[in-house]
Amino acid sequence: MSVDDLSPSVQNYLKVIWGLQEWSDAPVSNSAIAEVAGVRLSTVSDALRKLSDLGLIGHARYGSVTLTDLGRGHAVAMIRRHRLLETFLVRHLGYEWDEVHDEADRLEHAVSDEFIDRMDRVLGYPTRDPHGDPIPSAAGAVHRPDAVQLLTAPAPSRARVERISDADNGMLQFFAGRGIVVDAVLHVLPGEPYSETVTVRVGEERADAAAVSLGPAAAASVWVSLEATPDPSRT
């Protein structure tokens, strides 16, 4: 069975389940799927029974939802389509990174694997989409970067942005306006005690550079790799 043999609804549910477990170790619950998919819990329960009948998920009545090997393969194929389409829209059609998610959602059900493979070749086989999410290879390999949420980064430290969640378009616009984009260097600064904010300077450190304070939701939406800082005792 090819991913093209699945209905758009089944394809979407596989994508949602993959997305919920890709950057989190939390169990994937029916309620979490319903929240992301924007549907009722009863609708999710009916859909998951269908996915289970197709051999795409393992699902305990009150337990977490897991993808079978078959389900994972189809989910990764859909993720590959989605992220390559987003990359194409930004690089070649002038879309902004906060505009591509819904457009890719519509297109991914209409294209073939052959079309995606050719797009991949034209793009030069990119490994990340505009938000930093890894693009699976044609063989289904997924390389997740060694990154942590900015919310947990120590201060002071120097970090590089690896990935930014695309769940909130307004937040993407906010980040772009402040230079917080994929591969940007962030200097994580000590914040105000008990404020629950993360303070960063973007780019090379300058005395006059403005600091940006991020609340918990924003700081949890940015994944960074921590860079080694010079040891003062060796300078």
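# A guided reading of the predicted model

Helix α1 contributes 8 residues to the lining of the largest pocket, the most of any element. The structure described here is a predicted model, and this pocket is a convenient place to begin.

The largest pocket holds about 1,000 Å³ of space. Its lining consists of 35 residues, of which G19, V36, H101, D166 and A167 are the closest to the centre. Two or more lining residues come from each of α1, α2, α4 and α5, the last of these spanning residues 100-107. Sorted by class, the lining has 15 nonpolar, 9 polar and 11 charged residues.

Helix α1 also has a part in the largest nonpolar core. That core has 22 residues, and the members that touch the most others are I17, I33, L48 and L51. Two or more core residues are supplied by each of α1 (8-22), α2 (30-37), α3 (41-53) and α4 (69-93). Among these elements α1 gives the most, with 6 residues. The surroundings of I17 can be followed in detail: beyond its neighbours within four places in sequence, I17 is in contact with V28, I33, L48, L51, I57, V65 and L67. Apart from this core lies another one, of 20 residues, including V161, L172, F175 and A184.

Helix α3 also contains K50. With a relative accessibility of 45%, K50 counts as partly exposed, because the range between buried and exposed runs from 20% to 50%. Leaving out residues up to four places away in sequence, K50 touches S7 and V10. K50 and R81 are 31 residues apart in sequence, and their C-alpha atoms are 23 Å apart in space.

R81 belongs to helix α4, as does R80. Are these two arginines buried or exposed? R81 is buried, with a relative accessible area of 1%, and R80 is buried as well, at 8%. Both values fall under the 20% limit, and therefore both residues count as buried. Their contacts can be listed in turn, in each case without residues up to four places away in sequence. R81 is in contact with V3, D4, E108, V111, S112, D113 and I116. R80 touches I116, D117, D120, P136, S137 and A138. I116 thus appears in the list for R81 and in the list for R80.

I116 leads on to helix α6, which covers residues 113-123 and whose buried residues are I116, M119, D120 and L123. Why do these residues lie on the same side of α6? They cover an arc of only 105 degrees around the axis, which puts them on the same side of the helix. An α-helix has 3.6 residues a turn, so residues three or four places apart point the same way. What covers the buried residues of α6 includes α4.

Helix α5 is the setting of E103. Leaving aside residues up to four places away in sequence, E103 touches L89 and Y95. The C-alpha atoms of E103 and L85 are separated by 8.6 Å, although the two residues are 18 positions apart along the chain.

The backbone also deserves attention at several points. Most residues other than glycine have a negative phi, and most peptide bonds are trans. Just after α6, G124 takes a positive phi of about 85 degrees. Y125, in the loop between α6 and β3, has a positive phi near 55 degrees and is not a glycine. Y194 is likewise not a glycine, and its phi is positive at about 65 degrees. Y194 lies in the loop between β5 (185-189) and β6 (198-202). With 84% relative accessibility, Y194 counts as exposed, because the limit for that class is over 50%.

Which two residues does a cis peptide bond join? The bond lies between A155 and P156, with omega at about 0 degrees. P156 is in the loop between β3 (148-149) and β4 (157-164).

Terms used: Residues are numbered from 1 along each chain as its sequence is written. This is a predicted model: local features need pLDDT of at least 70, side-chain atom pairs count only at pLDDT 80 or more; totals for chains, interfaces and linings use all residues. Side-chain values use heavy atoms; hydrogens and water are left out. A nonpolar core is a set of buried Ala, Val, Leu, Ile, Met, Phe, Trp, Tyr and Cys residues joined through side-chain atoms within 4.5 Å. Buried means under 20% relative accessible area, exposed over 50%, partly exposed in between (1.4 Å probe, protein chains only). Helices (H or I, at least four residues) and strands (E, at least two) are DSSP runs, numbered from the N terminus. Contact means heavy atoms within 4.5 Å. The arc is that of the directions from the helix axis to the C-beta atoms. On a 1 Å grid over the protein atoms alone, a cavity is a set of points where a 1.4 Å probe fits but cannot get out, and a pocket is an open set with protein on both sides within 12 Å along at least five of seven lines; lining residues have an atom within 4 Å of a point. Grid points are joined across faces, edges and corners, and a volume is the space filled by probe spheres set on the points. Ala, Val, Leu, Ile, Met, Phe, Trp, Tyr, Cys and Pro count as nonpolar, Asp, Glu, Lys and Arg as charged, and the others, Gly among them, as polar.
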